[in-house]
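Q: I'm new to this one and would like a close look at a single part of it. Could you walk me through it slowly?

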Amino acid sequence: MSTDLTPRPVNPASLPAPSGYSHGTLSGNTLHLGGQTALDANMRIVPGGIVEQFRQAFGNVLTTLRAAGGVPEDLVSITIYLTDIPDYQAHGREIGAAWRELAGPVYPAMAGIGTTRLWQPEALIEIAGVAVIPDERLVTPTP
């Protein structure tokens, strides 16, 4: 188990460059995954509704996870913030299919939380999480 607990930012080049935050913070083997909305590489929320936004936001989370050497099985907790819980529930099967496509049949501890709005007004969803990555796969970013 990594004993270096120095917090190190994890900011994959394929995600929009962060300003005033990090996409993830690695401390030891624990990766705290910052909230991801459905921003694409052009800093725009993807169109098309909750399923498409879930796919993009969760894909952004997984991109950060992989940059630290993690895989979906390393996720221990996911928190999903939603501006419209009934819309999410109505598309549960499609969202579940997107999850399995992106992460397989692995389901960490989860929470779904309703909120009135997110940072970008057009965002319907934001996903944050925590992962614990084994030493043999851990990629520690250089400062």
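In which helix is A97 found? And what is there to see around that part?

A: Happy to. Keep in mind that this is a predicted model. A97 is found in helix α3, so let's take that helix and follow it outwards. A97 itself is partly exposed, because its relative accessible area is 36%, which falls between the 20% limit for buried and the 50% limit for exposed. Now look across to R55: along the sequence, A97 and R55 are 42 residues apart, yet in space their C-alpha atoms are 9.9 Å from each other.

R55 takes us to the partner helix, α1, which is where the contact with α3 is made. The two helices, α1 and α3, pack at an angle of about 25 degrees, and their axes are 10 Å apart. An angle under 35 degrees counts as roughly parallel, so that is how α1 and α3 lie relative to each other. Their crossing is right-handed. If you'd like to trace the contact, pick out I50, V51, F54, R55, F58, G59, L62 and R66 on α1, then E94, I95, A98, W99, E101, L102 and A103 on α3. By type, the residues in this contact of α1 with α3 split into ten nonpolar, one polar and four charged.

From here we can step into the interior. In soluble globular proteins, nonpolar side chains tend to be buried together. In this model, the largest nonpolar core has 27 residues, and those with the most contacts inside it are L31, F54, F58, I125 and I127. Two or more residues each come from β3, α1, β4, α3 and β6. Of these, α1 gives the most, with eight residues. You've already met F54 and F58, since both are part of the contact between α1 and α3.

I127 is a good spot to pause. Leaving aside residues up to four places away in sequence, I127 touches G34, G35, Q36, F54, A57, F58, V61, I78, T79 and I80. There is also another core, lying apart from the largest one, with six residues, among them A38, I45, V46 and A123.

Let's pick T79 from the neighbours of I127. T79 lies in strand β4. T79 is buried, because its relative accessible area is 18%, and the cut-off for buried is under 20%. Again not counting residues up to four places away in sequence, T79 touches A111, I113, E126, I127 and A128.

Strand β6 runs from 125 to 132, and V132 has its place in that strand. V132 counts as partly exposed, because its relative accessibility is 33%. Its C-alpha atom is separated by 9.2 Å from that of E73, which is 59 residues away along the chain. Carry on into the segment after β6 and you come to E136. E136 is exposed, because its relative accessible area is 69%. Between E136 and L75, 61 residues apart along the chain, the C-alpha separation is 16 Å.

One last stop is back towards the start of α1. M43 sits in the loop between β3 and α1. M43 is partly exposed, with a relative accessible area of 47%. What's worth a look is its backbone: most residues other than glycine have a negative phi, while M43, which is not a glycine, has a positive phi of about 65 degrees.

Conventions:
Residues numbered from 1 in each chain as written. Predicted model: local features only at pLDDT ≥ 70, side-chain atom pairs only at ≥ 80, totals over all residues. Heavy atoms only, no water. Helix = DSSP H or I, 4+ residues; strand = E, 2+ residues; numbered from the N terminus. Buried < 20%, exposed > 50% of the residue type's maximum accessible area, 1.4 Å probe, protein only. Core = buried A, V, L, I, M, F, W, Y, C linked by side-chain atoms within 4.5 Å. Contact = heavy atoms within 4.5 Å. Axes fitted to C-alpha atoms, helices over the stretch in contact; angles between N-to-C directions. Parallel < 35°, antiparallel > 145°, perpendicular 65-115°, else oblique. Left-handed = near helix turned anticlockwise from the far one by under 90°. Nonpolar A, V, L, I, M, F, W, Y, C, P; charged D, E, K, R; others polar.
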